[in-house]
Structures are given as C-alpha cells and as structure tokens.
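Student: I'm new to this one. Can we look at it together and go through the terms as they come up?

Tutor: Sure, here it is.

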Amino acid sequence: MKKPSEPRADATRCVHSGEDRHGQAAPLTTPIAQTSVFALPNVDALRRYAWGDSDLYLYSRYGNPTITAAEEKIAALEGAEAAVVTSSGMAAELIAALVTCQAGDEIVSMLDVYGGTVKLFEQVLPRCGIKARFIPYHDIANAGRYFSRKTKMLFLETPTNPTLRCVDLAALSAIGHKHRACVVVDNTFATPVLQKPLELGADIVIHSATKYLGGHSDLTAGALAGSKKWMDAARDMRTYTGGVVDPGCAYLLLRGLKTLDVRVERACQNAAEIAVALQRHPEVERVHYPGLADKASLDLVGRQMTDYGMMVSFDIRGGGRAAERFIDRLKLWCLAASLGGVESTVSYPVLTSHIGLSAKQMKLLGVSLATIRLSVGIEDAGDLIADLEQALERA
Ligand SMILES: Cc1ncc(COP(=O)(O)O)c(C=O)c1O
C-alpha cells in the first residue's frame, strides 16, 4: 500500500505509515501483539529467523509487530531509513551514546539540553569511561573548539528547554562531521512535523516520545531514527540493555501519532496567540518564544522549522514570589512537570528541570526564579489566554 519512497505529506504519514494491512477481514487499526514471545510453526521458520528474516518475530525484547508499526511511522515522519522505539527518552539517549562511543571516547554537547541529559552525560557515562564537554549557548559560534580527537558524538537540542533558544542544525552538523563525530539531535520540542534534523545533516534523531509523539500524557517511551546501519546497532543495543517498550504502550504511541500533525498545527496557532498576549501584558518582563526572537534567530527558524512550536516561556515581573502566586492562581492550566500533551500545562523550571543548579549555571541558561514554562495544548486559545490573564492580574 505505501512504499517508503512515495511522496506523502506528514499529515498522511501520521495516519498511514507503518500500518500495513493484509487480508480481507484485517482490522483497520494495528492490533496490540500483547505477548512476550512468539510461537514458530517449525524449525525451518526458526532457521529463517536466525538468518535474519525480518517478517518473523521470536521474542518481544528483540522485536514485536506493534512496536515495528510505531517504528515505521516515526521513520517515515523523520525521513529516516529506520527507527527504534525504546522504553523512554532517556533509554533512547543512553542507546545513542553507547552505539556511538566506547570507553576513552568523548561527547560534545550543548549545555542547554534537558537536565536529565546532563545527568546522564555527567554522572552515568563516566562510569563507562565516556566523558562529556558542554558548549554554553553564548559560545556556540566556537563549537569547533570543544572537539578533540576522542570526540565521537555531538549532541544537540533545539528549541531548548525552557528558553526556547534555537541553534543552527545544518552548521553544527557540518562542524560535527568535520571532526568525524556522529551528530545526534533531540527533536522532542519541535517534532518531525516542524523540524527534520536528518534533512539538515544530523545522523541520529532521538525523542522523548512521552511528549508530543504520544501526545496524551498517558505513556512513557522514546525513539531513535536514522540510517539502517545506526538503527541496526541501536536495536541490538536495546536488546542487550533491555530498554524495550511494552506492546500496549507502543499501541498508545501509534494512536497518538495519528493525530500528531493536527495537534501540532492547533497547538502552534494557540502558542502564537499566547506569546503575543503575554508580550503585551504589563506584568510580563520577557517572553521566550522562537517567533518573537531577534532577526538572526527568526531567519534561522525560518530555514529549519515550519512553525515556531508549541512551547512558550516567560519571565514574570516580581520574581519568584510573583511566579509562585501566578502558578497557584491558574485554573485551566495544570501544574505538571512534563509537556507535549493535548492539555495545556505550566511548569516551574527552578523546581523541576533546573533544580539544584548554581546561580552561575542558571545565568548561562537564561533561567531565573521568575521563569515560567508553558506547554500549550489544543484547547481554545481565548480560554487559555483568559486564564493566564486572570492569574497575572492577581499575581
Ligand atoms: C527534551 C527532552 N529530552 C529527553 C527527555 C527524557 O525523556 P523521558 O522522560 O521520556 O525519558 C525529556 C524529558 O522531559 C525532554 O524534555
């Protein structure tokens, strides 16, 4: 029905990719193969599996048809030869590090990456003999200086959390390749609907599928996408380290992915209206939103994204006390540490993703006690803005 080479728009890929149907009475949706193991008809089938017949399944930690369907959909959306779905975004990051680096190797990473990524690079990977160097945002133009002969992976994330700074994926990928590093991009905040890092030169894309790909705050999963060679290595690493996703969760992910394109479109429209309303509000000191950035950043976003995204952050006047009062007065926006669901949520970075960071580190990241992060959902924009305004007026 759908060859990978067929030119299709993302909205069509969201619904149809990966969902091959066979036979007259086939279910329209991909069923959940809720099993840990598969029965093979005979030894010949076992032999064919052992020789690499990819139509056969043996054990769900190695592969499962529901997981395969989710992988094919993500690969189609990212424009990748293949994808590997994992038990969480962190499992995807660990797998990316372990397939690109060995003991003695180094990672170069942006400093403005998800806090859990920094902990993985600083606290876990050194136990395997892998070290990381971090590039602060203000020094990104000198990225080349952070590489050594030992560097095997360049790790990027754009837009960043929570200040939504964007970095040039094409330029940084070229620098990474000049130093023979594998370029890995965390595309969680943009989603493949807004940004396709592989087309811009990256080698591997990773996701916290817990966020927009799932889209309903009801699953924990991750994903990697890239060339067949990298994904074969990632699948083997997932098998050996155990970071496989449950088939039931893969089904929820498949279902969520079908509406990704429409969810992203609606949430982007809402975010744009909210960013403008916040910028006009006297109680707001500064809005962080790619669509309100300086000209150079706007040009960059125009080159590598199709819209400005679904996240908006802002600094409230009155510092930490005003921020806490504002959050507690919201009625429609739920206080929740995650993002990317259909429901709009608010988060307070100094007590979640950026907890425990020094004043110097926070300054480098552009985060303060006054910074509030909004994950914009698909509700009515007027209702969302009215709730923000009533909370701002009383903060
Ligand atoms: C940008 C980003 N990458 C990776 C992760 C880790 O994903 P997970 O929580 O699914 O392990 C997160 C989680 O918040 C994230 O925001």
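Student: At roughly what angle do helix H3 and helix H9 cross, and how close do their axes come?

Tutor: H3 (residues 65-78) and H9 (residues 247-258) cross at roughly 35°, and their axes come within 8 Å. Axes here are lines fitted to C-alpha atoms, for helices over the stretch in contact, with angles from 0 to 180 degrees between N-to-C directions. One caution: this is a predicted model, where local features need pLDDT of at least 70 and side-chain atom pairs count only at pLDDT 80 or more, while totals for chains, interfaces and linings use all residues. Residues are numbered from 1 along each chain as its sequence is written, and side-chain values use heavy atoms, leaving out hydrogens and water.

Student: What classes of residue make up the contact of H3 with H9?

Tutor: That contact has eleven nonpolar, one polar and two charged residues. Ala, Val, Leu, Ile, Met, Phe, Trp, Tyr, Cys and Pro count as nonpolar, Asp, Glu, Lys and Arg as charged, and the others, Gly among them, as polar.

Student: Why is H4 called roughly perpendicular to H8?

Tutor: H4 (residues 89-100) and H8 (residues 228-241) pack at about 115°, with axes 9 Å apart. The label covers 65 to 115 degrees (under 35 is roughly parallel, over 145 roughly antiparallel, the rest oblique). So H4 counts as roughly perpendicular to H8.

Student: And which residues of H4 and H8 meet?

Tutor: Contact means heavy atoms within 4.5 Å. Among those that meet are Ile 95 and Leu 98 in H4, and Trp 230 and Met 237 in H8. The contact of H4 with H8 divides into seven nonpolar, two polar and one charged.

Student: Then why are H4 and H5 called oblique?

Tutor: H4 and H5 (residues 115-124) pack at about 40°, their axes 11 Å apart. That value falls in none of the named ranges, and H4 and H5 are therefore oblique to each other. Met 90, Glu 93 and Leu 94 in H4 meet Gly 116, Thr 117 and Leu 120 in H5.

Student: Which residues are closest to the ligand?

Tutor: Met 90, Asp 186, Ser 208, Thr 210 and Lys 211 are the closest of the 13 that surround the ligand. To count, a residue needs a heavy atom within 4 Å.

Student: What makes the Thr 210 pair a polar contact?

Tutor: A polar contact is a pair of N or O atoms within 3.5 Å. A polar side-chain atom of Thr 210 lies 2.6 Å from an oxygen atom of the ligand, so the pair fits the definition. For Ser 208 the distance is 2.8 Å, and for Lys 211 it is 2.7 Å.

How values were computed
Helices (H or I, at least four residues) and strands (E, at least two) are DSSP runs, numbered from the N terminus. A polar contact is a pair of N or O atoms within 3.5 Å; within protein, one must be able to donate a hydrogen and the other to accept it, and residues adjacent in sequence count only if both atoms are side-chain atoms.
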